[in-house]
Amino acid sequence: MTKTPLKVSRRTRNKALKLQQLVWLECTHKVLFSEPYPAMDDIIWCFKCQEEKLVIHAPTDYRVSCMLCTFSNTFGRAKLQAEIAAGKHRVQRGPAHIVEIFDGNVLVNTFGDRNQNETSMLPLSDEEPPF
Ligand SMILES: [Zn+2]
Ligand SMILES: [Zn+2]
């Protein structure tokens with residue numbers, strides 16, 4: 001019988017390392033993070049200040065979320081993919097499914113009845129904020 005040893009090459013392992021990105025904090029300190037990245041408005045621990053600080057700039061991380069059902073997905077930097085998924089969900093599930101696109105925690109677009117083709121409309125005010 002033959003035995004093939006598993007080759008673990010360092011090169012391969014290095015490739016598997018996740019990309020690190022800088023996150024800016026309100027205290028102007030920058031922290032390197034690998035995925036999952038914190039989002040804007042998150043509170044994270046600053047080791048230099050020894051205090052919790054607000055994230056003021058985080059890597060782009062697009063996320064879609066349906067207001068009616070549990071549909072949600074993340075797309076990293078692929079905004080177009082997020083928009084396609086949002087549109088597709090509404091086609092498949094019906095116009096009652098209003099899909100929001102977030103960059104981290106920040107709402108960047110809403111795929112709904114009234115502003116499907118307009119991104120420059122004033123924010124709709126007929127909904128209670130979720131907090
Ligand atoms: Zn700091
Ligand atoms: Zn839905």
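How many bridges join E3 to strand E4? In this predicted model, the number is four, and the two strands run antiparallel, with E4 covering residues 51-57. One of the facing pairs places Cys46 opposite Glu51 in E4. E3 and E4 together form a hairpin, with four residues between the two strands. Gln50 lies in the turn of this hairpin and has a positive phi of about 55°.

The hairpin belongs to an open sheet of four strands, arranged in the order E2-E1-E4-E3 with antiparallel pairing. Strand E2 (30-34) and strand E3 (43-46) each have a single partner strand and stand at the edges, so one side of each is left without a neighbour in the sheet. On average, neighbouring strands of this sheet are turned by 55° against each other, direction ignored. Strand E1, made of residues 20-25, also pairs with E4 in the antiparallel sense, here over two bridges. Leu25 is found opposite Val55 in E4.

Helix H2 comprises residues 79-93. At 1.5 Å a residue, the 15 residues of H2 should span 21 Å, and the end C-alpha atoms of the helix are indeed 21 Å apart, so the two values agree. Ala82, Ala85, Ala86, His89 and Arg90 are the buried residues of H2. These residues cover an arc of only 130° around the axis, and therefore lie on the same side of H2. The spacing along the chain can be read against the geometry of helices in general: an α-helix has 3.6 residues a turn, so residues three or four places apart point the same way. On the other side of H2, the exposed residues are Leu80, Lys88, Val91 and Gln92. The cover over the buried residues of H2 includes four strands, namely E5 (62-66), E6 (72-76), E7 (99-103) and E8 (106-111).

Lys79 also has its place in H2. This residue counts as partly exposed because it has 15 C-beta neighbours inside 10 Å, whereas a buried residue would need 20 or more and an exposed one would have 12 or fewer. Lys79 is 18 residues away from Asp61 in sequence, and the C-alpha atoms of the two are 8.6 Å apart in space. After the helix comes Gly94, which has a positive phi near 110°.

The largest nonpolar core consists of nine residues: Tyr62, Val64, Ala82, Ala85, Ala86, Ile98, Val99, Ile101 and Phe111. At least two residues of this core are supplied by each of E5, H2 and E7. H2 gives the largest share, three residues. Apart from neighbours within four places in sequence, Ala82 is in contact with Tyr62, Val64, Phe75 and Ile101. A second core, separate from the one above, has five residues, including Leu25, Tyr37, Val55 and Ala58. Leu25 and Val55 thus appear again, having been described above as standing opposite each other in the pairing with E4.

Notes
Residues numbered from 1 in each chain as written. Chains lettered and ligands numbered in written order. Predicted model: local features only at pLDDT ≥ 70, side-chain atom pairs only at ≥ 80, totals over all residues. Expected span 1.5 Å × (residues − 1). Arc of directions from axis to C-beta. Contact = placed C-beta atoms within 7 Å. Core = buried A, V, L, I, M, F, W, Y, C linked by C-beta atoms within 7 Å. Pairing = 2+ DSSP bridges. Axes fitted to C-alpha atoms, helices over the stretch in contact; angles between N-to-C directions.
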